[in-house]
Structures are given as structure tokens and as C-alpha cells.
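Work through the exercises below with the sequence and the structure at hand. Each task is followed by a solution in steps.

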Amino acid sequence: MTDSSQPRTSLSGKTVDGFQIGAPLGQGGMGAVYKAKELSSGRFVAMKVLLEKEHLSFADKEAVLRLRDESLATASVEHHGLVKIIASGEIDSLGPYLVYELIEGGNLHEYLAQSGPLSSDEMVHNLAKPILGALSALHEKCILHRDIKPENILRRKDGSFLLGDLGLAYFEGREAKTKTGLIVGTPGFIAPECLLATTDKPSTAADCYSVAMLFCYAMTGKLPFKVQTPQQLIFAQIKSDVQAKKLIELGIAQSVAKVLAKALKLNPKERTSSAHKLFLELEEGKDRSPTLAPESKANSRISFTYL
């Protein structure tokens, strides 16, 4: 979610199906998220609603269908690495809404900006283990995430990470809600075949590409492309494989870099396509890696930029 647009401020203070809506927390292209209080229990939660019609970046009908799919996808899978859905509903004045557990530790992008890059050990055990576990659980239910990026990795106050925001989730075997030719996801993290928009049927290999790029970013604070603009970034992604040598130059241990490079192959048929297998290979690679002195956190500069 971002804070660059204005959510529905008119909802603050209202009560919807037993939830008292509070201050807006952020907004994306389709929905706004509010902090809310469940009156029956007194606990605080996060409520996601559709934007007002004039602010929607999708067709109104499609936005409603996506929010319903997000509810179905999140409710279909239970995993400690996946943000939990508490309730969902629909009312005439608001449309569909979702209620999630409230995660108050920020997201991965914010954490890296404050604390610096993760070591390979931190990445594998603190980040990859819960996120790949959650992704594997989704894939077992034939659900693809399609929007894995630092802003969609949430962090609890105890330091654990969770996979969130299934707003672009895709159910394998069902008709796609995005027309062929439209890019779904975030440049830099979206798989090359999705950038090319040559298919309306993404695969688990696309999610594995995205999460591998996420891990690279978490350990370096950079994307492995020497570009200056979003357009150059997209061209670099679809031009050639990400080489292990490049990842090593960025400071990633050789054995871990080789595992990630395999998951970042340009051709999805050559790419690691199992989230569970990717974790096992990362864990094995981390154990083979020499202990490296991490970059000084005080000197680390993490920003969502390119090389």
C-alpha cells in the first residue's frame, strides 16, 4: 500500500458490521486500508475497502471481483507466514470489504531502509523460510500471488515476516480477470514473461522469479540491473538472464547467488518453479557459504532504486 493518494476519509468514525473504522493506513490502485476496532473483542484490525469510483484504477466491476477473489484466496490457505483474514462482507453503501489481522511492524521496504540489508543467514531463516512456506501453501491450492515485492512483505513487532496483499491473486484453471496485453505486478520484481504480457496464464515459476528478486533486494538494497529509468529496467529484465556473477558482485555469497540465479532465469521452463524446492536449495546454499562480515548497518543505504 502507498500513501500517495487520498483514501476515503469519510469512512473514519463509522461502524460497519461490528467494526468501528478509524484512521486510514494507506491505499493502493484498487483499495484503501483503515485501522479499525472489532467492537465484540476490542482488538484492532485492518479493514480493506474499495476506493471511491472516481479513484479506481480498474473497471468498477473488475475491482469488486478482485476484492472477492482476494477474500477467497486468503481464506483458502492457513499458514503462519500469511496474513490472516478475520472477516469479509459486503454492504450497499461500501461494497465488499475485508478485515485482516493488524500488522504494526511496517513492511520489508521500510525495515531495510531503517536497518540495512539482511545477511544471507537472516535472509534464509527470517525471511525466506516464512515467505516461501506461505507461497508454497498458496501454490498447493493452485493460487498464484503475482505481486511479491518489499511493500507486500509485512513485519510483526516480534520481527517475523509475513506475505500479504493477495489483491492480484490468480487461481490456476480459472479465467483471467486481466486482459492479455496488460502488465500485472511491479517492474523489477515481475517475471519477464509477465512483463512481455505474452500469456494470460502465469505459473508458479513467475512467483518464484519475483520472490528470488525480493531476496536479492533484501540482501543488497538494489536490483541487479544497471539502469536509470523504469523503461530501461523492463528492457533489462526481458533481455537476458540474471547471472550469478552479478549477484556475487553485489555481495551475495556464491552458493546463495547460484540458487537465486537459477530462480531468475529468463526462460520459465529453465527456472526453479517450486517455492519449497527454492527454500531447500537456499538453506543448503547458506550452509555452504563462508561467513561474511556484513556491511556496516550505519553505512548501508537502502532505497528502492536501481544501480
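## Exercise 1: Two loops

Glu151 has a relative accessibility of 16% and therefore counts as buried. The model used here and in the later exercises is a predicted one.

Task: State where Glu151 lies, and find how far apart Glu151 and Asp165 are in sequence and in space.

Solution.
- Step 1. Glu151 belongs to the loop between S7 and S8.
- Step 2. Asp165 sits in the loop between strand S9 (161-163) and strand S10 (170-171).
- Step 3. Along the sequence, Glu151 and Asp165 are 14 residues apart; from C-alpha to C-alpha the distance is 9.3 Å.

Task: Is Asp165 buried, partly exposed or exposed?

Solution.
- Step 1. The relative accessible area of Asp165 is 27%.
- Step 2. Buried requires under 20% and exposed requires over 50%.
- Step 3. Asp165 is therefore partly exposed.

## Exercise 2: Positive phi

Task: Describe the backbone and the burial of Arg146, then the phi of Asp165.

Solution.
- Step 1. Arg146 is not a glycine, yet its phi is positive, near 75°.
- Step 2. Its place is the loop between strand S7 (143-144) and strand S8 (153-155).
- Step 3. With a relative accessible area of 16%, Arg146 is buried.
- Step 4. Asp165, also not a glycine, has a positive phi of about 55°.

## Exercise 3: The sheet

Task: Give the strand order of the six-stranded open sheet and name its edge strands.

Solution.
- Step 1. The order is S1-S2-S3-S4-S6-S5, with antiparallel pairing.
- Step 2. Strand S1 (15-16) and strand S5 (85-91) each pair on one side only, and these are the edge strands.
- Step 3. Inside the sheet, strand S4 (residues 44-50) and strand S6 (residues 95-101) run antiparallel and are joined by five bridges.
- Step 4. On these two strands, Ala46 stands opposite Tyr100.

## Exercise 4: The cores

Task: Which residues have the most contacts inside the largest nonpolar core, and which helix supplies the largest share of this core?

Solution.
- Step 1. The largest nonpolar core has 62 residues.
- Step 2. Met123, Leu127, Leu132, Phe215, Leu260 and Leu282 have the most contacts inside this core.
- Step 3. Helix H5 (residues 204-220) gives the largest share, 11 residues.
- Step 4. Leaving out residues up to four places away in sequence, Phe215 touches Met123, Leu127, Ala128, Leu132, Leu260 and Leu282.
- Step 5. Another core, of 12 residues, lies apart from the largest one; Phe19, Ala32, Tyr34 and Met47 are among its members.

## Exercise 5: Helices

Task: How do H2 and H5 lie relative to each other?

Solution.
- Step 1. Helix H2 (residues 108-115) packs against H5 at an angle of about 20°, and the axes are 10 Å apart.
- Step 2. Angles under 35 degrees count as roughly parallel, so H2 and H5 are roughly parallel to each other.
- Step 3. The residues that meet are Leu108, His109 and Leu112 in H2 and Leu214, Tyr217 and Ala218 in H5.

Task: How many residues of helix H8 are buried, and which are they?

Solution.
- Step 1. H8 covers residues 254-263, and seven of its 10 residues are buried.
- Step 2. These are Ser255, Val256, Ala257, Val259, Leu260, Ala261 and Ala263.
- Step 3. For the protein as a whole, buried residues make up 50% of the 307 residues.

Note on methods:
Residues numbered from 1 in each chain as written. Predicted model: local features only at pLDDT ≥ 70, side-chain atom pairs only at ≥ 80, totals over all residues. Heavy atoms only, no water. Pairing = 2+ DSSP bridges. Helix = DSSP H or I, 4+ residues; strand = E, 2+ residues; numbered from the N terminus. Buried < 20%, exposed > 50% of the residue type's maximum accessible area, 1.4 Å probe, protein only. Core = buried A, V, L, I, M, F, W, Y, C linked by side-chain atoms within 4.5 Å. Contact = heavy atoms within 4.5 Å. Axes fitted to C-alpha atoms, helices over the stretch in contact; angles between N-to-C directions. Parallel < 35°, antiparallel > 145°, perpendicular 65-115°, else oblique.
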